[in-house]
Each structure stands twice: as C-alpha cells, then as structure tokens.
Amino acid sequence: MRQRVGSVWANQRGATSGRGERTADGTPSRRPRTHHGLSAEQEGVLELQRLAGNTAVTGALQSGRSAEGVTSIDRMELTREGMNPENGIQSIREKTANKSTIALTKRTIMDEPPIMRVEPATKGPGGFTTRTQKIGSIPEPKIEEWWPKQGRFKTAEGTFLDVSHDWEKKLEQGEDEHRDDAKLAWELTWKTVKDTINTFAEKPGPPEATPDAARDALWGRYVAALPKDLRPEGRSPSDAKQRDVLAVEPGSFFAWMWELTIARDGRMYHETHAAPAKDPKNVPKDAVVEEIAPASQFQVPGPLSPAFVEEIRVKYGPRKIIQGSKLKAGGGDQGKQG
C-alpha cells in the first residue's frame, strides 16, 4: 500500500482546446462587488443564513454549483472530509486511478490567468496618458481532500486496514500540506499579477508623445514591478507572452509553482506501506489485518509551505517541468492523486 498524498495533476483532461473555460470543473467565481464589499450573491447567502439557517445555505450553495456557478463566501473553495470505515478507503480510490491510495487531494483551477491590458490613451496638455484595465475576480483554486478516520477499513476481500488516531491525524496533515502549497503558489503568481495590474489601474502614468509610446511605457513600468520570474517578454503588451508565464501549461512558471507540491511525493515525504497489525482485535475468520507504517523517508509534518515553495521556486528555468507532473498541454483542470 502506498500513500501518495496528492497535489493536482494540473490537467486531467475534461478540458476543451480553447482558452477560457477549458476544464471539467474548477469554475471561477465571478462576483461583481457591491458597496458593502460583497457581491449580490454573497449578500443573498448571508441573508438566507440569518433567516433560514445553515441547512438552507448549504442547499443554496449546492444548487449554485449544479448550475455551473459558484456562490462562495470564502476566497477559495475547499472541501475536507475524513472518511468513516463504512465507505472510506474504497470511496477515496473511486476518485483516482491510483487504486492503492488511502488519502487523496485534488486541486483544480480554470486556465484563465489575469492578463494585463491597456486602456485607450487619452490626450492631455502634456501628451498622451493611459492606465491598465482593472481586473475584478480571477479563478481561484478548488481543493478537495479526503483521508480515512480512525477505524478498520476493508481494502480487499479478506483484507482490512486498521487506522489509528495518530495515523488519521498524520494523513489529514499530509493532505493539508498539499492544500497550503497550492494556495500559496496561487497567491504568489496569479494573485500577485492581479494586484500589480490593479495598482497601475489607479491613475494614468506620465504623458508621452504618442498613444503607442504611452502604452509601451506603461507596459515597461508594469513588467518592472513584477517579481523577476513573473515578467513576460517583449516591449509591448502581448497576451501570448503573458500566457507563456501564467497559463496552466507545461513549462510555464505558473505550472511550475502549481505543481511543485508534487515534490513532497517525489521525496517520499508522504510515503507509507502496509504492515501486519501488531495486536489486532476482533479479527474476522481467515482475514488479514494490516496497519499503516511509515516509509523510511516519511516526513509529516514536513517543511512548511513558505519555505518549501521558495526552495522549489528558485529552481525554475525556461520551460522547465516539475518531475512527476502529469500536466498536459491544452487544458487547465488539474487533479492529482494522493
């Protein structure tokens, strides 16, 4: 038995070939803001919670998802579920091609990165000025985690796995490490780019002699304001050059960051195996009862995400791909086994 607690294969293709909505799930939240700082959807959900309670809120959220939309109060859609013995490990394995897994994390995100675009230049007394187009919501990670709770799980006919309280907590923590890696990778890439774009949307830059000069000067200031590894090439704004850095595609810097959590698995920090149970109780007749044992390099808790992400981040080079990544060209949905 191997526990490869997962990150996300950034592309398990239910994706279509074009840009934009290219994934099977991971729908971005599009939430126009109100003067209260919340969207109309969010305010409606909060009002529903006040009047009808959490059950009604849950129903509203589920109906929103079934209609291909997301109504969320949080910035990131997160599902965490410890599985009971009645439907536990088998139901986890149904969600992945890895039929030996005992815990799983899936991460998904739409391949719609924030793209810097320029407002039409306006002419004033000193020349032409422009600013960036402000960006509202951008796709956010959707993260799902499953792990077995304490108890005895049937793993095959006549074979059972006893999960102790300590192992329940270790498996849960391993999944949370992948979640934290993914969240931080998103914040350091797409969110950083979005925030930088919006900084240059606040006011026009210095005047230039022509509209093209104003555009290119703005582009130069914007690129210089980004961290080095997020800077697109070129002297003028280009969607294609920005996607070279930010798309959910093999070899982009975003893909490197999004996939770096796989290194935890590659280093076998989350690796376990099955061992005969030392003192099993109430063993069914002719059954085999096993328990979880750590592999030699098992490390949970492992490195915290800020240090781990920075360690892997600096190893990126042009078109470099994380070892073990299953990301395919032409799609943005990602889901990796645990």
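Start by selecting Met268, which in this predicted model sits in the loop that runs between α8 (262-266) and β8 (272-276). Its phi is near 65°, a positive value in a residue other than glycine. Most residues other than glycine have a negative phi, and most peptide bonds are trans. With the surface displayed, Met268 counts as partly exposed, because its relative accessible area of 29% falls between the cut-offs of 20% and 50%.

Next, select Arg319, in the segment after α9, where phi is again near 65° and again positive in a residue that is not glycine. Is Arg319 buried or exposed? Arg319 is exposed, since its relative accessible area of 51% is over the 50% that the term requires.

From there, move to the loop between β9 (288-294) and α9 (305-313), which holds Pro301, and show the backbone atoms of Val300 together with those of Pro301. The peptide bond that joins Val300 and Pro301 is cis, with omega at about 5°.

Now select residues 165-199, which make up helix α4, and display them as a cartoon. This helix has 35 residues, and the distance from its first C-alpha to its last is 48 Å, close to the 51 Å expected at 1.5 Å a residue. Where in α4 should one look for a kink? Centre the view on Lys191, where α4 has a kink of about 35°.

The next stop is Gln90, in helix α3 (residues 88-93). At 37% relative accessibility, Gln90 counts as partly exposed, because that value lies between 20% and 50%. Leaving aside residues up to four places away in sequence, Gln90 touches Lys154, Thr155 and Ala156, so it is worth showing the side chain of Gln90 along with these three residues in full. Within this group, a polar atom of the Gln90 side chain lies 3.1 Å from the backbone oxygen of Thr155. If Thr101 is then added to the selection, the C-alpha atoms of Gln90 and Thr101 can be seen 9.3 Å apart, the two residues being eleven places from each other along the chain.

Finally, select the whole protein, whose secondary structure comes to nine helices and nine strands. Of its 338 residues, 48% count as buried, while the protein exposes about 16400 Å², with carbon and sulfur atoms supplying 51% of that area. Among the contacts between residues at least 6 apart in sequence, 77% join residues that are at least 24 apart.

Note on methods
Residues are numbered from 1 along each chain as its sequence is written. This is a predicted model: local features need pLDDT of at least 70, side-chain atom pairs count only at pLDDT 80 or more; totals for chains, interfaces and linings use all residues. Side-chain values use heavy atoms; hydrogens and water are left out. Helices (H or I, at least four residues) and strands (E, at least two) are DSSP runs, numbered from the N terminus. Buried means under 20% relative accessible area, exposed over 50%, partly exposed in between (1.4 Å probe, protein chains only). The expected span of a helix is 1.5 Å times one less than its number of residues. The bend at a residue is the angle between axes fitted to the seven residues ending there and the seven starting there. Contact means heavy atoms within 4.5 Å. Accessible areas come from the Shrake-Rupley method with a 1.4 Å probe; for residues, only the protein chains shown count as cover. A polar contact is a pair of N or O atoms within 3.5 Å; within protein, one must be able to donate a hydrogen and the other to accept it, and residues adjacent in sequence count only if both atoms are side-chain atoms.
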